[in-house]
Amino acid sequence: METGNLLGAGGVTELRERISHALAPSGLNVVGVADPARWDACVPATRQCEALLPGTRGILVVGSGGPGLWDALVEECRLRPEALQAQAHPLDAFVRRAVEAVPVSGRHRWFFASADAELHLDFRMLAHLAGLGGKSRMGLLLHREHGLWLGLRAACFLDQPLAPDSPETSDPCAGCPGYCAQACPGGAFPAGEWQVEPCAEFHGVSTHCASSCDARGACPRGAGSRYSADELHYHYNRGTGRARLAAAAGVTHDTRVGEGPHWGTWRDRTRVR
Ligand code: B12
Ligand code: SF4
Ligand code: SF4
């Protein structure tokens with residue numbers, strides 16, 4: 001992990017590279033930069049830079065693609081089992097520790113994509129503005145290397161200038177016959193695009209999708225970055241997924257019960273005020 005003043009020797013490229021370099025060992029291996037003016041143009045006043053960090057000149061968006069983050073989390077739980085027991089959401093807590101350990105000089109503020117983040121930002125839009133991908137028919141951001149398997153984790157608003165990436169303008173699903181829609185047993189693609197209501201309703205009447213999503217699994221893009229069975233379970237069903245994390249790390253005394261995703265209550269949790 002890098003230490004010292006991140007801005008010390010170089011310019012904007014070096015700042016981005018140093019942060020990327022510091023985060024990569026934790027599996028936070030995808031970074032993009034969004035233009036603050038573009039972000040401001042897309043969000044209500046309560047989410048504009050002036051409200052979040054006055055004087056913002058760069059927004060760094062951090063994601064995880066492939067098995068790196070999960071492997072790093074399992075390893076940490078193996079080495080420090082007490083950290084697992086102490087956390088309600090071990091993966092989210094791991095991400096928070098990793099990004100907050102990166103020394104960033106100047107005024108800055110981290111935000112998180114977790115469902116219980118203290119201040120909620122639309123990370124799919126933010127990641128799109130940071131050049132990390134486009135909007136797929138699954139409703140998820142599709143990344144050129146990791147496909148639908150790019151987790152969005154954190155964003156840092158900084159008062160340092162950063163050269164922004166360009167949002168992708170092409171349709172990431174162009175040329176695909178819609179394997180996701182064809183694989184969905186829950187009627188969640190009524191007009192060829194995923195919609196949350198039918199998907200949530202299906203969760204209410206069937207356990208078929210309790211620990212995975214056939215539609216997401218059917219997408220051929222970024223297949224090499226698909227989650228392992230344990231990681232899938234953790235993200236889709238924390239109740240049982242947490243126990244699988246503990247088992248993978250060899251921890252036998254984790255007594256907490258995982259919770260989420262919140263299919264029934266997400267609207268209240270994410271309402272922008
Ligand atoms: C609440 C929430 C849910 C809710 C509601 C989903 C929803 N439609 O928003 C529930 C519980 C149902 C859910 C389920 C899942 N979620 Co979820 N969820 C969130 C959370 C915490 C907030 C989303 C939010 O603000 N919704 C409210 C508004 C914004 O939703 P909306 O109006 O439908 O969204 C519009 C905007 O996003 C807009 N948009 C504008 N610009 C752009 C650009 C792009 C590229 C895209 C894709 C969209 C977009 O388009 C949408 C439709 O108009 C985010 C994390 C975050 N802070 O962003 C993760 C997040 C969106 N979820 C994620 C995932 C992976 C899932 C699941 C696949 C797995 C899971 N955890 O169960 C499922 C399937 C959902 C699916 N196919 O979209 C990932 C998506 C990663 C990616 N590559 O896109 C996120 C970013 C979490 C993360 N840590 O990475 N989720
Ligand atoms: S979770 Fe189930 S119902 Fe929802 S999109 Fe995936 S396969 Fe379809
Ligand atoms: S299966 Fe095809 S349409 Fe569906 S998300 Fe993947 S590329 Fe897009």
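Ligand 2 in this predicted model is surrounded by Cys184, Pro185, Gly186, Ala188, Trp194, Cys199, Phe202, Cys209, Cys213, Asp214 and Ala215. Two elements, helix 9 and helix 10 (214-218), each give two or more residues to this shell. By class, the shell around ligand 2 divides into 9 nonpolar residues, 1 polar and 1 charged.

Let's step to alanine 183, which lies in helix 8 (residues 179-183). Setting aside residues up to four places away in sequence, alanine 183 touches Asp214, Ala215 and Ala218. Asp214 and Ala215 are also among the residues around ligand 2. Is alanine 183 buried, exposed or partly exposed? Alanine 183 has 15 C-beta neighbours inside 10 Å, so it counts as partly exposed. Between alanine 183 and cysteine 219 there are 36 places in sequence, and their C-alpha atoms are 9.2 Å apart in space.

Cysteine 219 brings us to ligand 3. The residues around ligand 3 are Ser136, Arg137, Met138, Leu142, Cys173, Cys176, Gly178, Tyr179, Cys180, Ala218, Cys219 and Arg221. Ala218, you may recall, is one of the residues that alanine 183 touches. The shell around ligand 3 has 8 nonpolar, 2 polar and 2 charged residues. At least three of its residues come from domain 1 (12-165 + 226-264), and at least three from domain 2 (177-219).

Those two domains are a good way to see the whole chain, which is divided into domain 1 (12-165 + 226-264) and domain 2 (177-219). Taken over C-alpha atoms, their centres are 24 Å apart. Where they meet, 11 residues of domain 1 are in contact with 15 residues of domain 2. On the domain 1 side of this meeting, helix 11 gives the most, with 3 residues. That side comprises 5 nonpolar, 5 polar and 1 charged residues.

Ligand 1 also has both domains around it: its shell draws at least three residues from each of domain 1 and domain 2. Which residues come nearest to ligand 1? Of the 32 residues around it, these are Phe123, Arg124, Met125, Leu140 and Leu141. Helix 7 supplies the largest share of the shell, 4 residues. The elements that each supply at least two residues are helix 7 (123-129), strand 4 (134-135), strand 6, helix 9 (196-205), helix 11 and helix 13 (266-270). Helix 9 thus links two parts of our tour, as it also contributes to the shell around ligand 2. The shell around ligand 1 has 19 nonpolar, 9 polar and 4 charged residues.

Helix 11 has now come up in the domain contact and around ligand 1. In helix 11 (residues 229-236), the residues Glu231, Leu232, His233 and Tyr234 are buried. The buried residues of this helix pack against helix 4 (68-79), helix 6 (90-100) and helix 12 (238-249). Glycine 241 lies in that last element, helix 12. Because glycine 241 has 20 C-beta neighbours inside 10 Å, it counts as buried. Not counting residues up to four places away in sequence, glycine 241 touches His233, Tyr234, His235, Tyr236 and Gly258. Of these, His233 and Tyr234 are among the buried residues of helix 11. By contrast with these contacts, the C-alpha atoms of glycine 241 and cysteine 173 are separated by 30 Å, with the two residues 68 apart along the chain.

Now for the interior. In soluble globular proteins, nonpolar side chains tend to be buried together. The largest nonpolar core here has 67 residues, and Leu60, Val61, Leu126 and Ala155 touch the most other members. Strand 6 (residues 150-158) gives the most to this core, with 7 residues. Both domain 1 and domain 2 give residues to the core, so it lies between them. To look at one member, valine 61 is in contact with Gly32, Ala34, Leu126, Ala127, Ala130, Leu132 and Ala155, leaving aside its neighbours within four places in sequence. Leu126 and Ala155 appear again here, both in the group of core residues that touch the most other members.

Finally, a word on confidence. The chain has a mean pLDDT of 92, and 95% of its residues reach 70 or more. Residues 1-9 have pLDDT below 50, and this stretch has 20 contacts in the model beyond near neighbours in sequence. Where pLDDT is low, the predicted coordinates should not be read in detail.

Conventions: Residues numbered from 1 in each chain as written. Chains lettered and ligands numbered in written order. Predicted model: local features only at pLDDT ≥ 70, side-chain atom pairs only at ≥ 80, totals over all residues. Buried ≥ 20, exposed ≤ 12 C-beta atoms within 10 Å, placed from the backbone. Contact = placed C-beta atoms within 7 Å. Core = buried A, V, L, I, M, F, W, Y, C linked by C-beta atoms within 7 Å. Domains from an automatic or database assignment. Near = placed C-beta within 6 Å. Nonpolar A, V, L, I, M, F, W, Y, C, P; charged D, E, K, R; others polar. pLDDT = per-residue confidence, 0-100.
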